[in-house]
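Reader: I have a new model open on my screen and would like to get to know it. Could you walk me through it, one question at a time?

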Amino acid sequence: MAVHIWVIFLLFIFLIIAFDLGVFHRESKVPTIRDALIWTSVWIGMSLCFNVVVYMLYQNNYSWAGAATENLTGAEAASQFVLGYVLEYSLSIDNIFVIAMVFSYFHVPLSLQHRVLFWGILGAVVLRGIMIGVGVTLINSFDWMVYAFGALLIYTAVRMMLLRQETVEPGGNTLIKIAHRWLPFTDRFHERHFFVRVDGRLVATPLFLALLMVESSDVMFAVDSIPAIFAVTRDPFIVFTSNIFAILGLRSMYFVLAGYMQRFRYLKNSLVFVLAYVGVKMMMSNHYHIPAGVSLVIILGILLVGVIASIIGSGKDPVPLKSPMDYKE
């Protein structure tokens, strides 16, 4: 993809992020499920509209100058974008579980959670861009990297299956340790501020600790999701854009799903099979190509089974729901 296309895309992303924070979410307020559903629909709709742009770019032979691993038609590029988007979105569900635990651990008020998610995802855009760049370089330089990435995904699936319950332990987090070593902290929230002055000294608030935990959790999950998308496509532009659009919609999706995570308890289990399938697909990619459309049907089918199993299981063995609304101001 030509350099100016990358520049236009990055400017567009930072423009809508700035517009989101500066206009629509300028004030800290308690989000409603209705607002979250509307914003989720907006982000999904925006992603689908961008997929039309992807189709037009590749149909008109806009290619990655000198670094493309395959020549894609508009239809092929569009199908890969959709599959990459769905894959990243589905794998982000597990991240939502962890984010909810972070907010619960630090007792982050509901009205401040969007602010933490905003800055956390803004940092994720930059970090994932770097990680995708490294991943593209490795996979284009060493043929055996597809097997390494595939094995990593299968290992992650097995670990996720064996780890029945995730925990949040800020004391063992590297970023938290560094922050405590170099920064003074206050144990009280100061509205929406990450840093405040106390007795003339600049100190960090618990909101900043929550941000560090959210940021580090995204990096951890990116180690899984970025290799996964290389099983879909090795085109850097499709990898990056589908990834970024998925994580931009993660904020609103969090407020939709966080209150119903326990009801969809088997959805997380289905991610094990998604990761395992993608890992196997990646290890087979040099020998047998599975069309993007087939993979999309398989992944959506796996997720649908998880949703149906959760609905049936909740009816037979109901569990109390814990909503983000439970995090008191």
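**A walk through the model**

Author: Happy to. Residues 24 or more positions apart account for 83% of those contacts in the protein that have a separation of 6 or more. This is a predicted model, and its mean pLDDT is 78.

Reader: Thanks! What share of the residues reach a pLDDT of 70 or more?

Author: pLDDT is the predictor's confidence in each residue, from 0 to 100. The mean over the protein is 78. The share of residues at 70 or more is 83%.

Reader: Over which residues does pLDDT stay under 50, with 35 contacts beyond four places in sequence?

Author: One stretch with pLDDT under 50 covers residues 64-69, and there the model has seven contacts beyond four places in sequence. The stretch you ask about has 35 such contacts, and pLDDT stays under 50 there too: residues 319-329.

Reader: Good to know. How many helices and strands are there in the protein?

Author: Let's read along the sequence: the pattern is α-α-α-α-α-α-β-β-α-α-α-α-α. The count for the protein is 11 helices and two strands.

Reader: And what percentage of the residues count as buried?

Author: On the outside, the protein exposes about 16,200 Å², with carbon and sulfur atoms supplying 67% of it. A residue counts as buried under 20% relative accessible area. Of the 329 residues, the buried portion is 50%.

Reader: Let's look inside, then. Which residues is Ser 47 in contact with, leaving aside its neighbours within four places in sequence?

Author: Ser 47 sits in helix α2, residues 33-59. Its relative accessibility is 1%, so Ser 47 counts as buried. Setting aside neighbours within four places in sequence, the contacts of Ser 47 are Phe 81, Tyr 85 and Phe 245.

Reader: Two of those are Phe residues. Is the pair of Phe 81 and Phe 245 stacked or edge-to-face?

Author: As a lead-in, the protein has 16 aromatic pairs. One of them joins Trp 6 and Phe 237, edge-to-face with 5.3 Å centre to centre and 85° between the planes. For Phe 81 and Phe 245 the centres are 6.3 Å apart and the planes stand at 75°, so this pair is also edge-to-face.

Reader: How many residues apart in sequence are the parts that Phe 81 and Phe 245 tie together?

Author: Phe 81 is buried at a relative accessible area of 1%, and Phe 245 is buried at 0%. Phe 81 belongs to helix α3 and Phe 245 to helix α8, so the pair ties together parts whose separation in sequence is 164 residues.

Reader: Which residues do ring pairs link into a cluster?

Author: Phe 81 and Phe 245 are among them, and so are Trp 6 and Phe 237, both of which are buried. The full cluster linked by ring pairs is Trp 6, Phe 9, Phe 50, Phe 81, Tyr 85, Tyr 89, Phe 237, Phe 240 and Phe 245.

Reader: What about charges: which residue forms a salt bridge with Glu 88?

Author: The count of salt bridges comes to one. The pair links helix α3, where Glu 88 lies, to helix α4, across 40 residues. Glu 88 counts as buried at 3% relative accessibility, and its partner counts as buried at 2%. With the closest N and O atoms 2.6 Å apart, that partner is Arg 128.

Reader: Now the surface. Which element gives the largest share of the nonpolar patch?

Author: The patch is formed by Leu 10, Phe 14, Val 126, Leu 127, Ile 130, Val 134 and Val 219, with about 530 Å² of accessible area together. Two elements give two or more residues each, α1 (3-24) and α4 (110-141). Val 219 lies in helix α7 and is partly exposed, at 31%. The largest share, four residues, comes from α4.

Reader: One last thing: what is the phi of His 107 near?

Author: His 107 lies in the loop between α3 (74-106) and α4, and counts as exposed at 58% relative accessibility. Most residues other than glycine have a negative phi. The phi of His 107 is positive, near 55°.

Technical notes: Residues numbered from 1 in each chain as written. Predicted model: local features only at pLDDT ≥ 70, side-chain atom pairs only at ≥ 80, totals over all residues. Heavy atoms only, no water. Contact = heavy atoms within 4.5 Å. Patch = residues over 30% accessible without salt bridge, like charges linked within 9 Å, V, L, I, M, F, W, Y side chains within 5 Å. Areas by Shrake-Rupley, 256 points an atom, 1.4 Å probe, with all protein chains shown as cover. Salt bridge = Lys/Arg side-chain N within 4 Å of Asp/Glu carboxyl O. Buried < 20%, exposed > 50% of the residue type's maximum accessible area, 1.4 Å probe, protein only. Phe/Tyr/Trp six-rings, centres within 6.5 Å; stacked < 30°, edge-to-face > 60°.
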